[in-house]
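Here are a few notes to help you find your way around. Please keep the model open while you read.

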Amino acid sequence: MKLVKKQNTDTSPLHAAVLGATIDRRTFLKRSGITAGGITAAGTLSMSMMKKAAATEQASAEAGHAARIRSICTHCSVGCGIYAEVENGVWTGQEPAFDHPFNRGAHCAKGASVREHGHGERRLKYPTKLVNGKWTRVTWDEALNEIGDQMLAIREQSGPDSVYWLGSAKYNNEQAYLFRKFAALWGTNNVDHQARICHSTTVAGVANTWGYGAMTNSYNDIHNSKAILIIGGNPAEAHPVSLQHIFRATERNNAPLIVIDPRFTRTAAHADQFIRLRPGTDVPVVWGMLWHIFENGWEDKEFIKQRVYGMDEVRAEVAKWTPDEVERVSGVPEEAIKRAAQTMAENRPGTFIWCMGGTQHTIGNNNTRAYCIFQLALGNMGVTGGGTNIFRGHDNVQGATDFGVLSHTLPGYYGLSEGAWKHWAAVWGVDYDWLAGRFDKEEHPGDFFGEEGATDTVVMPMNENGIPVSRWIDGVLEEKTHIAQRDNLRAMVFWGHAPNSQTRGAEMKEAMEKLDLMVIIDPYPTASAVMQDRSDGVYLLPAATQFETYGSVTASNRSLQWRDKVIDPLFESLPDHTIMYRLASKLGFADELCKNVQVNNDEPVIEDITREFNKGMWTIGYTGQSPERLKEHQQNWHTFDYTSLEAKGGPANGDYYGMPWPCWGTAEMKSNERNVASVETRGFKQGLRSD
Ligand code: SF4
């Protein structure tokens, strides 16, 4: 017996679109009242329903009214395609891309607003610094010279670890890679970005289950799900266009939707079953569902026998989580837990989705491990429609993580061992001994492990984790002897990273005021510029947005997408990679930073950076996505299947959209057969098992 069955009685435009009824775009928009649950649902229109719009766009372009440029929304990890319309260098219009394989013409309110980046009302216009409490205009040369002089003095007095490089999930892949390399050439692992706060517990929990931490399937693959469980996620607001994929499963497959959350969210409003749990009791709830699954023999015994290690230990642990105990701890009654478990067991394959509600806990790793185990018990892994699907936040938080803008690893999760450094030194074309010499080598006695009277020694900072972004405050405020580096942090660079998502506001303000130097590099002032009461020692430098440069970006489903430049950088803003090059020039390592990269007018050529990381990212397979292949995918969005993401015809025939990693091969090769073969050999075709 199926526990959840719904009748399709909805006659709304969204419903018609989901079911494939023919409707023109104008009628659709008129009848839909634009939005449904926050998304413009036009994305579900089939290609045959878009001819009129496509013809209009074509005619407009041919008439020379506006250039149409292909870009990707910067507001979340879904990676929706955008057509930007530009006239005489001014960004005048914007359309969601009707032929894009992820969003098929859908946009949410956030995506619809990206053109505002090109208006510049709140943008930083030129470099400034605080002088006697007043923001004072300076030139780029003055700013970078003064900042560079102060950093070099700090390096001389306190060592390279006293400067912290806080990077960004808003960089494109090339900038993220260049930034991690920049920190390495400066000689520190004090580098991090937003992923430390959001999904680092996912990366750890999923990596020690599957090997690497990322979404196993794609948003589009949810079309194949027979059941959907969302815990600690609210995609209706955070990832609105993902709902069109979820709705496709609920409408076409009658897939039941279960939402587990302490709050009744907009996503919960769409659910067949909503479970309200006490915050932080995810593991008891998941163990509670597993209790019913094991009790009733609903687990996939053959799958467990063939593919799962240690499930007997899990079973013994789960046995302790009787319905009474689960209700005592989580507040969820037995009936609700059993119903959810039975729904997932009887509607396979099911997908298991989570977001920050599952990760941002002191027990976040436990939560993410438990989610994975649940899917293993039901045999929902390695199958289309199944998987652990982690919706990441920023547009390129997946890419910035993959490229190691983190205090504990190098690009490609290579770690910080001597072998890892030698690998990247070879890719960068720099001498390993020179690179090692950039790091502090002094031994630092201290009791930083908190043992009274004990003294510990840092041997090689190059091979030690740096300070994570969540603890930079301690790097400033703690006693020097309590931190594992020569001196306290004395300079902070907030580069595309606002402090809003960090806790300990009062201590953060104190730390900001104690620093010798604060540098904020961002298109907007951010809270960093105003939350401290300093009168000097702060620089605000205007960075360009991703619409004023170009390069690749990795969506949450591991697909790489190419963005074209929409407009030139506004005002005096500069692309991040240009600022990196100019600052590296001042600091004395620009040649090493761009040894394999051509530089034009201080701007490193993006494609050369892509080719360089193609040479080194063998661990997770960022080696086959050459700039040429990425651009080919970008120019042929319409050839990729909406569900499988496989190109059907066209020049990319047989490729999966964006060549989701792992995509092994070399940057030069454009052999679909070789790429697909290597992926299939490892059982990773689209992250899916063929059966
Ligand atoms: Fe942009 Fe995400 Fe909205 Fe798509 S769902 S338009 S990527 S914010």
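1. Start with Phe 352, which stands opposite Thr 388 in strand E12. Strand E11 (residues 350–354) and E12 (residues 388–390) run parallel and are joined by 3 bridges. Strands here are DSSP runs of E with at least two residues, and helices are runs of H or I with at least four, numbered from the N terminus; two strands pair if DSSP finds at least two bridges between them.

2. A word on the source: this is a predicted model, in which local features need pLDDT of at least 70 and side-chain atom pairs count only at pLDDT 80 or more, while totals for chains, interfaces and linings use all residues. Residues are numbered from 1 along each chain as its sequence is written, and side-chain values use heavy atoms, leaving out hydrogens and water.

3. E11 has another partner too: strand E8 (residues 227–231) runs parallel to E11, with 5 bridges between them. Look for Ala 227, which stands opposite Gly 350 in E11.

4. Why is E11 described as largely enclosed by the rest of the structure? Because 5 of its 5 residues are buried, meaning under 20% relative accessible area (exposed is over 50%, partly exposed in between; 1.4 Å probe, protein chains only). In a regular strand the side chains alternate between the two faces of the sheet. In E11 both faces are covered, with Gly 350, Phe 352 and Trp 354 buried on one side and Thr 351 and Ile 353 buried on the other.

5. Next, visit the loop between helix H6 (200–210) and E8, where you will find Asn 220. Asn 220 is buried, with a relative accessible area of 1%. Setting aside neighbours within four places in sequence, Asn 220 is in contact (heavy atoms within 4.5 Å) with Pro 101, Phe 102, His 245, Tyr 642, Thr 643 and Leu 645.

6. Asn 224 also belongs to the loop between H6 and E8. Is Asn 224 buried or partly exposed? It is partly exposed, at 26% relative accessible area. Not counting residues up to four places away in sequence, Asn 224 touches Asn 253, Pro 349, Thr 384, Gly 385 and Thr 643. Its C-alpha atom is 9.6 Å from that of Val 383, although the two residues are 159 apart along the chain.

7. Finally, the whole protein chain: you can count 25 helices and 19 strands. Of its 691 residues, 61% are buried. Among contacts with a separation of 6 or more, 71% are between residues 24 or more positions apart.
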